[in-house]
Structure formats: structure tokens, C-alpha cells
Amino acid sequence: MDVLSRPLIDRTLPLLAEGYAWLPNRMRDASGSVVRTRIMGRPALALRGPEAVRFFYDERNVHRHRAIPEPVLGTLFGHEAVHTLDGAAHRARKELFLPLLEPTAVAGLAEHVSDAWDEAVPEWGRRASVVLFDEAATVLTRGVHRWAGVPLDDAEAGAAARDMTAMVDGFATAGPRHLRARRARGRQEERLARLVRDVRTGAVTAPAGSVLERVCGHHDLSGEALSEKTAAVELLNVLRPTTALAWFVAFAAHALHRWPENRAPLAKGDVAFQTAFAHEVRRFYPFVPFLGGLAARDLFWRGAWVPEGGLVVLDVYGQNHDETLWGDPYAFRPRRFLERAVGRDELIPQGGGDPASGHRCPGEGLTVGVLETLAAQLARMEYTVPDQNLTISLHRVPTLPHSGVVLAGVGRAAV
């Protein structure tokens with residue numbers, strides 16, 4: 001039988017069981033950077049490498065429309081979100097987020113989050129211990145709401161943060177986590193849809209130039225304003241990913257505990273090292289396992305084939321741990337980013353391609369800027385790490401240090 005027509009075995013159950021390791025394991029078994037398989041009944045072509053990133057993000061090859069499964073839309077991204085669009089419609093919606101790429105936007109969010117962190121630390125110090133993941137999520141939620149111009153009482157920040165993290169925690173699973181994610185999205189979409197309605201009727205004034213003002217006034221390719229529900233979805237696509245940086249903050253604390261030699265250059269304000277540390281946290285630790293789209297036509301990649309409508313999968317975790325790109329991929333070594341310039345499509349924890357026109361996350365700069373700031377805050381802060389379970393399971397998506405990183409004896413940042 002011809003290799004191109006050989007029947008494919010569905011690998012959905014092994015994917016769910018193996019988590020982050022599933023696709024890298026298949027790549028290793030295939031001794032290459034491409035794998036043909038079947039996922040959720042569809043033929044699938046899995047790719048890895050900078051050239052594969054460019055192939056994947058070329059809309060002549062791969063479409064995102066109808067590619068994202070409903071369980072992911074119903075929890076993580078939201079229905080009618082920018083992630084579901086292609087072509088001119090995608091570019092028109094993406095204009096809503098382009099100001100997030102500006103350095104002033106990054107600096108503004110980092111400042112608001114830093115202020116929220118400084119407000120929280122004294123209260124942490126009054127407790128015997130805190131779970132950093134939970135506290136960081138609340139700090140990030142407060143900071144991003146203030147920056148985006150979205151009203152939120154401080155007393156409500158903890159509940160909002162739990163909803164934001166629940167949406168991320170439950171997108172890739174079934175059962176209670178998934179149900180919590182759906183309920184959380186419903187609550188937050190309803191809250192923000194009411195806010196959009198109040199802004200449009202004049203009951204609430206959106207701060208000039210804020211994310212809230214932009215979303216409420218945005219018009220899609222059709223010339224029509226976003227519906228209240230879609231506007232709420234896109235507001236959440238700014239608020240939720242920022243709160244999700246709590247995963248990276250917990251990973252940063254994990255890295256500082258395991259490799260404490262990184263603390264001093266962070267604490268003393270070495271800006272280049274702060275950036276390198278943020279990039280290495282995003283590269284080294286598992287967050288997004290892979291990204292998917294639908295083949296826009298019959299596609300061939302390095303001798304492998306997938307029919308039109310089949311899945312095309314980009315191996316994010318595998319590429320960020322590819323020995324041919326990183327040399328020593330399982331060593332946590334921030335200075336690798338100071339030793340050479342890393343190409344745009346080599347490091348892809350938040351997708352690849354051009355963030356201005358393609359599907360790469362427009363908030364990537366915000367992620368790096370906030371992580372730089374909070375990693376430095378963490379490095380300057382006095383605390384101890386009591387005995388706890390800090391293991392990170394590659395079977396659970398998204399994963400996290402098991403304990404959430406418990407800190408004890410928290411004190412103010414050293415001057």
C-alpha cells in the first residue's frame with residue numbers, strides 16, 4: 001500500500017493521556033520534524049521548526065476558522081473571538097488589539113501590575129504562608145482591570161481571578177474542571193456584556209484611550225459594531241491572558257528556587273538579563289502543548305500529506321525543546337538569549353508569525369514586559385520556600401508546580 005494512502009490510527013486517547021509529551025514522543029519515533037496521524041477522527045499533519053511555523057501561519061495553507069473545537073471556544077477563547085477568524089475579517093478584528101503591541105502599552109500594564117504587587121506584599125507578610133499562583137492571579141487581575149479601564153472592586157478581584165484561571169485550567173479536559181471553566185466564562189461574559197451596554201448607553205464612561213473604550217467602539221469588516229457578547233469576549237481576551245501570567249510567575253519562582261544563581265542579576269536590575277530570564281521561563285516551562293488549524297487545500301510537507309479539511313498541528317512544546325534549535329533544551333539557561341539573536345519563528349510559546357497581521361498572540365510583548373517586572377520583584381522579595389510538592393506533571397494540561405509554589409515569611413522587597 002502507498003504510504004500516502006495508508007490508514008491512520010486515531011491517537012486522541014494517547015494525546016489525552018500523555019499531555020505535553022505526546023507529540024514530541026511521536027516526532028522522536030518518526031525521527032524527523034513531521035508526523036501523520038489522526039486526531040478526533042480527522043487526519044492530521046504535525047509539524048515542527050521555523051520553516052514549519054511559516055508554513056502553518058500562511059493562510060494559503062492553514063485556516064483557523066472552524067478549526068478550534070467548541071469545548072475550547074466555550075472555555076478559553078469564546079465564540080466569535082478573533083482567534084476564529086481568517087483573512088480580511090481577522091485583520092479587521094486584529095486592529096482592535098494592535099495598540100497592545102506598543103511599548104507604552106507594555107510599560108503601562110507592567111506599572112499597574114507592579115503597583116498591585118506592591119499593595120499585596122504587606123498583606124502576604126501578615127500570613128504564615130501564601131500560595132504564589134493564587135496571589136499572583138489576583139494581583140494580575142487587579143492590575144489588568146485598572147490598565148484596561150474596566151471597573152472592578154478590590155473585594156471582587158479574588159473571585160474574578162479564580163474565574164479567569166478556571167477558564168484556562170479547564171479548556172483541555174473533561175469533567176469538573178471543564179464545567180468550572182464554562183461557568184466561569186458565562187459569569188464573566190455576562191458581567192462584561194453589561195459593562196459594554198452601560199458604556200454605550202452613557203451610564204458608564206470608559207476612560208479615554210482605554211481598552212474598554214476601544215472595544216466598545218470597534219467596528220468589524222462589515223462596518224457594524226461588535227455585539228455586546230462579542231465585545232465581552234474580546235475584553236476577556238485581554239483580561240484572561242494577563243491573569244494567566246500567574247502560571248509564568250509560579251514557574252519563575254520555581255526557577256529561582258531550583259537555580260538561585262539567577263536571583264542576583266534579576267534583583268540588581270540587569271534589564272537585558274530580565275528579558276532573557278522571561279524568555280527562558282516561557283521556553284523552558286510547559287504551557288501551550290501545540291496549536292492547530294485546518295488544511296486550506298491538500299497539503300504536502302516534507303513528503304507527508306494531509307487532505308483539505310484535515311488538521312495541521314504545530315508542535316509548540318516540542319519546538320521550544322528542540323535540540324537542533326537550543327542545543328541543551330532541558331537546561332534552564334537564560335543567558336542563551338544573550339549569546340545570540342533568536343529568530344522570530346524559533347521561540348513560539350505564544351505562537352509564531354507576524355503578530356501585527358497573523359495569528360501570533362498580540363499580547364506577547366505584554367507577557368514579556370509583565371514577566372520581566374514581576375520576576376525582578378520576586379527576586380528582590382524576602383521569603384522562604386517550605387517543604388512542598390514542586391513537581392510539574394507533563395500529563396496535565398495546563399500544568400503547574402503541584403503546590404502552586406507556597407512561600408513563607410514573605411517580607412518587603414529589599415532596597
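Biologist: Which residue in S8 does Ala44 stand opposite?
Modeller: Strands are DSSP runs of E, at least two residues, and helices are runs of H or I, at least four, both numbered from the N terminus. In this predicted model, strand S2 (residues 42-47) and strand S8 (residues 311-314) pair in the parallel sense over four bridges; pairing takes at least two DSSP bridges. Across from Ala44, in S8, is Leu311.

Biologist: What pLDDT do local features need?
Modeller: Residues are numbered from 1 along each chain as its sequence is written, and side-chain values use heavy atoms, with hydrogens and water left out. As the model is predicted, totals for chains, interfaces and linings use all residues, side-chain atom pairs count only at pLDDT 80 or more, and local features need pLDDT of at least 70.

Biologist: Which strands stand at the edges of the sheet?
Modeller: The sheet is open, with five strands in the order S1-S2-S8-S5-S3 and mixed pairing. Each edge strand has a single partner, so one side of each lacks a neighbour in the sheet. They are S1 (34-39) and S3 (62-63).

Biologist: What angle does the direction of H2 make with that of S1?
Modeller: Helix H2 (residues 22-30) packs on the sheet and touches S1, S2 and S8. Axes are lines fitted to C-alpha atoms, for helices over the stretch in contact, and angles run from 0 to 180 degrees between N-to-C directions. The angle with S1 is about 130°.

Biologist: Gly293 sits in S5 (residues 291-295); what is its relative accessible area?
Modeller: Gly293 touches residues including Phe56, Val62, Arg64 and Leu311, leaving out those up to four places away in sequence; contact means heavy atoms within 4.5 Å. Buried means under 20% relative accessible area, exposed over 50%, partly exposed in between (1.4 Å probe, protein chains only). Gly293 counts as buried because its value is 0%.

Biologist: Which helices do the buried residues of H4 pack against?
Modeller: Six of the eight residues in H4 (residues 70-77) are buried. They are Val72, Leu73, Gly74, Thr75, Leu76 and Phe77. Their packing partners are H8 (157-169), H9 and H11 (228-243).

Biologist: Is Arg177 buried or exposed?
Modeller: Arg177 belongs to H9 (residues 176-201). Beyond its neighbours within four places in sequence, Arg177 contacts Asp169, Gly170, Arg396, Val397 and Pro398. Its relative accessibility is 17%, so Arg177 is buried.

Biologist: Which helix gives the most to the largest nonpolar core?
Modeller: A nonpolar core is a set of buried Ala, Val, Leu, Ile, Met, Phe, Trp, Tyr and Cys residues joined through side-chain atoms within 4.5 Å. The largest has 94 residues, with Trp117, Trp124, Trp147 and Phe277 making the most contacts inside it. Eleven of its residues come from the top contributor, H12 (residues 245-258).

Biologist: How many residues does the other core have?
Modeller: This core lies apart from the largest one. Among its residues are Leu47, Val62, Trp301 and Val306. Its count is 19.

Biologist: At what angle do the axes of H14 and H18 cross?
Modeller: The axes of H14 (residues 271-284) and H18 (residues 364-380) come within 9 Å. Angles under 35 degrees count as roughly parallel, over 145 as roughly antiparallel, 65 to 115 as roughly perpendicular and the rest as oblique. H14 is therefore roughly perpendicular to H18, as the crossing angle is roughly 110°.
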